[in-house]
Amino acid sequence: MKLDEVTISRAIIDEFSKVFLDYTDVDVALVGGGPANLVAAKYLAEAGLKTVIYEKKLSVGGGMWAGGMMFPRIVVQEDARHILDEFGISYHEYEKGYYIANSVESVGKLISGATSAGAEIFNLVNVEDVMIRENDEICGLVINWTAVEIGKLHVDPLAIRSKVVVDGTGHPAVICSTVQRKVPGAKLGELGVVGEKPMWADVGEKMLLETTKEVYPNLYVAGMAANAVAGAPRMGPVFGGMLLSGKQVAELIIERLG
């Protein structure tokens with residue numbers, strides 16, 4: 001078979017453009033491609049909701065790739081083991097209730113699970129703002145290429161419409177912080193964006209299921225961003241709470257949107 005470089009270029013541009021245009025109007029837009037949002041995307045897509053993830057980096061998976069201190073292993077507790085099973089992630093029991101998984105395999109299968117369910121992922125896209133309508137309710141996102149941000153280029157962004165948005169941007173809680181900064185009088189949750197406390201895995205993991213919720217009209221939080229908004233402790237390389245948070249935020253949205 002003789003290959004033509006222009007045909008290859010056209011195929012990439014044509015296919016991407018069609019999908020990108022189709023996803024300018026979605027049910028759920030998840031910001032950040034970490035484990036919580038990857039889990040959420042699978043369940044949301046399986047429920048028939050049009051679901052997209054925007055990740056500003058080249059790679060998807062957040063901090064899970066590196067495990068703990070670049071040892072590519074993660075720990076998942078008993079409560080979340082069923083999610084490993086649902087994504088087909090291999091693991092073994094280290095001690096009673098503590099399960100060890102390969103972090104690289106885990107990320108790969110989370111990505112595969114989300115995309116196989118029908119969720120779309122756009123990497124190298126930076127979410128720089130939100131769209132609002134009446135009563136300052138969120139109705140979408142303002143996006144640009146990450147390269148524009150890195151290059152500090154004066155390039156206007158584009159916008160997408162979404163019924164709900166999920167902030168899964170980890171420690172910075174970027175979307176929640178943007179809303180609090182730019183919407184006069186906006187109060188996210190009970191206290192606003194507090195910022196995470198120092199590490200306490202036991203408390204942080206338990207609180208994550210309390211902090212995963214809607215914190216502003218049409219804006220939900222999941223994963224470490226949820227604890228950062230509420231001022232709960234960070235957890236470290238135990239990922240059960242992150243997985244459960246993703247499943248919980250998906251269930252909340254599915255219940256709302258049907």
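Q: What makes the end-to-end distance of α2 agree with the span expected for its 12 residues?
A: In this predicted model, the 12 residues of α2 should span 16 Å at 1.5 Å a residue, and the end C-alpha atoms are 17 Å apart, so the two values agree. The helix covers residues 35-46.

Q: Why is α2 called mostly covered?
A: A residue counts as buried under 20% relative accessible area, and 11 of the 12 residues of α2 are buried. Among them are Pro35, Asn37, Lys42 and Tyr43.

Q: Which residues touch the most other members of the largest nonpolar core, and which helix gives the most to this core?
A: The core has 74 residues, and Tyr54, Leu141, Val179, Leu219 and Ile253 touch the most other members. Helix α2 gives the most, with eight residues. As for Val179, its contacts beyond four places in sequence are Val130, Ile138, Ala186, Leu188, Tyr216 and Leu219.

Q: What is the phi of Gly48, just after α2?
A: Gly48 has a positive phi of about 90°.

Q: Why is Val52 called buried?
A: The relative accessibility of Val52 is 0%. The cut-off for buried is under 20%, so Val52 counts as buried. Val52 sits in strand β2, residues 51-55.

Q: Which residues are in contact with Val52, leaving aside its neighbours within four places in sequence?
A: Val52 is in contact with Tyr23, Val26, Val28, Ala29, Leu30, Glu120 and Phe122. Contact here requires heavy atoms within 4.5 Å. A C-alpha separation is a separate value: Val52 and Gly113 are 61 residues apart along the chain, and their C-alpha atoms are separated by 14 Å.

Q: Why does Gly118 count as partly exposed?
A: Gly118 has 37% relative accessibility. Partly exposed lies between the limits of 20% and 50%, so Gly118 falls in that class. Its place is the loop between α4 (103-116) and β6 (120-123).

Q: What does Gly118 touch, and how far is its C-alpha atom from that of Val52?
A: Not counting residues up to four places away in sequence, Gly118 touches Tyr23 and Ala45. Tyr23 is also among the contacts of Val52, and Ala45 is one of the buried residues of α2. The C-alpha atoms of Gly118 and Val52 are separated by 9.2 Å, with their positions 66 residues apart along the chain.

Q: How do you know that α7 and α9 are roughly parallel to each other?
A: The axes of α7 (residues 201-211) and α9 (residues 240-257) cross at roughly 5°. Angles under 35 degrees count as roughly parallel, and α7 and α9 are therefore roughly parallel to each other. The two axes come within 9 Å.

Q: Which residues make the contact of α7 with α9, and what are their classes?
A: Glu205, Leu208 and Leu209 in α7 meet Gly240, Gly241, Met242, Leu244, Ser245 and Gln248 in α9. By class, this contact has four nonpolar, four polar and one charged residues.

Q: Is Gly192 buried or exposed, and why?
A: Gly192 has a relative accessible area of 2%. That value is set against the limit of under 20%, so Gly192 is buried. The residue is found in the loop between α6 (174-182) and α7. Leaving aside neighbours within four places in sequence, Gly192 is in contact with Gln180, Lys187 and Val229. The C-alpha atoms of Gly192 and Met64 are separated by 27 Å, the two residues being 128 apart along the chain.

Q: What is the sign of phi in Met70, and why is this residue called exposed?
A: Phi of Met70 is near 70°, a positive value in a residue other than glycine. Most residues other than glycine have a negative phi. Met70 is found in the loop between β2 and β3 (73-77). Exposed means over 50%, and at 72% relative accessibility Met70 therefore counts as exposed.

Q: Where is Asn218, and why is it called buried?
A: Asn218 is found in the loop between β10 (214-216) and β11 (219-221). Its relative accessible area is 9%, so Asn218 is buried. Asn218 has a positive phi of about 75° although it is not a glycine.

How values were computed. Residues numbered from 1 in each chain as written. Predicted model: local features only at pLDDT ≥ 70, side-chain atom pairs only at ≥ 80, totals over all residues. Heavy atoms only, no water. Helix = DSSP H or I, 4+ residues; strand = E, 2+ residues; numbered from the N terminus. Buried < 20%, exposed > 50% of the residue type's maximum accessible area, 1.4 Å probe, protein only. Axes fitted to C-alpha atoms, helices over the stretch in contact; angles between N-to-C directions. Parallel < 35°, antiparallel > 145°, perpendicular 65-115°, else oblique. Nonpolar A, V, L, I, M, F, W, Y, C, P; charged D, E, K, R; others polar. Core = buried A, V, L, I, M, F, W, Y, C linked by side-chain atoms within 4.5 Å. Expected span 1.5 Å × (residues − 1).
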